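Please read this briefing alongside the sequence and the structure shown below. The points are grouped by topic, beginning with one residue and its surroundings and then turning to rings, charges and a helix.

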Amino acid sequence: MELFDAHTHIDMKHFKNDIEKVIQRAKDAGLVGMVTSSIGTASFRRTLGIVKKHEGFIHHSPGCSVSQLTSDEAEKIAALIRKYSKEIVAVGEVGLDYYWVKDSRGRKNQEPLFQMFIELATELSLPIVIHSRKAETEAIDILEKCFSGDVLMHCFDGPLEAAKRVADNGWYITLPANFSKYRNRRDAAEIIPLEQILLETDGPYLSPTPDRNEPANIIYGVESLCEILDLPDEEVARSTTSNAIQFYRL
Ligand SMILES: [Zn+2]
């Protein structure tokens, strides 16, 4: 089976001591590639080195830590994205975070930064990866108005209405490896066509096991999707991998 982790954070400190082993385990588990998302300027620079060392296997989608983003940091990230635009596969994760940011002013302040990254993705003709924690509807509203490229709603956690809009717009979602625990994500897996579903670990977060999450765990997501769709694992693996390759234009 050929597997693909469509969104992880391989540069994070959780992997610092054994990153090469983590990457080897991913290959041993059948992964043919992964996309790692940097979430700031320091993370961006770390990721450049990792991607260079594992060219063709690890791909870079630079974004930000949405809940902590300042306009100063956003501008620096945007400058790096422009500078390295030929070495990246998408813009993001970028978007809105209403889970950590609860006050209305803080939430409003995220919008112009999100818009700036949307314009950047348009300018560079790159697909966009969206973080929209507890803000799926708001993020979809903005994207429907302002973006005509390919959209991936990373770690989709929205209500059924939002899932329907994603399906109708022909956008993509990723489901995390532990998604079967969540009713709304199981529902999304049922109503969004398989051609629009990718799998991710979001490692080191959202582990389906008691340990740190890592790309090799993508198999848990495959198994859950097989159960829900009543399809053989080869078919789910083949589809989700080719969807990732198509979305990221690899
Ligand atoms: Zn992430």
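**Thr241 and its surroundings**

In this predicted model, Thr241 is part of helix 9, which spans residues 233–247. With a relative accessible area of 4%, which is under the 20% cut-off, Thr241 counts as buried.

- A polar atom of the Thr241 side chain lies 2.6 Å from the backbone oxygen of Glu2.
- When neighbours within four places in sequence are left aside, the residues in contact with Thr241 are Glu2, Leu3, Phe4 and Val32, so that Glu2 appears both in this list of contacts and as the owner of the backbone oxygen at 2.6 Å.

**Aromatic pairs**

- The count of aromatic pairs comes to 4, and one of them joins Tyr99 and Trp100, whose ring centres are 5.0 Å apart.
- Because the planes of the Tyr99 and Trp100 rings stand at 90 degrees, and edge-to-face applies over 60, this pair is classed as edge-to-face.
- Tyr99 has a relative accessibility of 31% and therefore counts as partly exposed, lying between the cut-offs of 20% and 50%, whereas Trp100, at 58%, is over 50% and counts as exposed.
- Phe247 and Tyr248 also form an edge-to-face pair, with 4.9 Å from centre to centre and 75 degrees between the planes.
- Both Phe247 and Tyr248 are buried, and together with Tyr172 they make up one aromatic cluster.

**Charges over rings**

- The ring of Tyr99, which is paired with that of Trp100, also has the charged end of Arg133 over it, at 3.6 Å from the ring centre.
- Lys27 is placed over the face of Phe57, at a distance of 4.8 Å from the ring centre.

**Helix 5 and what covers it**

- Helix 5 covers residues 136–146, and its buried residues are Glu136, Ala139, Ile140, Ile142 and Leu143.
- Viewed down the axis of helix 5, these buried residues fall within an arc of 165 degrees, and they therefore line one face of the helix.
- The elements covering the buried residues of helix 5 include three strands and two helices, namely strand 4 (91–97), strand 5 (128–133) and strand 6 (151–153), along with helix 4 (104–123) and helix 6 (160–169).

How values were computed: Residues numbered from 1 in each chain as written. Predicted model: local features only at pLDDT ≥ 70, side-chain atom pairs only at ≥ 80, totals over all residues. Heavy atoms only, no water. Helix = DSSP H or I, 4+ residues; strand = E, 2+ residues; numbered from the N terminus. Buried < 20%, exposed > 50% of the residue type's maximum accessible area, 1.4 Å probe, protein only. Polar contact = N/O pair within 3.5 Å; in protein donor to acceptor, adjacent residues only side chain to side chain. Contact = heavy atoms within 4.5 Å. Phe/Tyr/Trp six-rings, centres within 6.5 Å; stacked < 30°, edge-to-face > 60°. Lys NZ or Arg CZ within 6 Å of the ring centre and 35° of its normal. Arc of directions from axis to C-beta.
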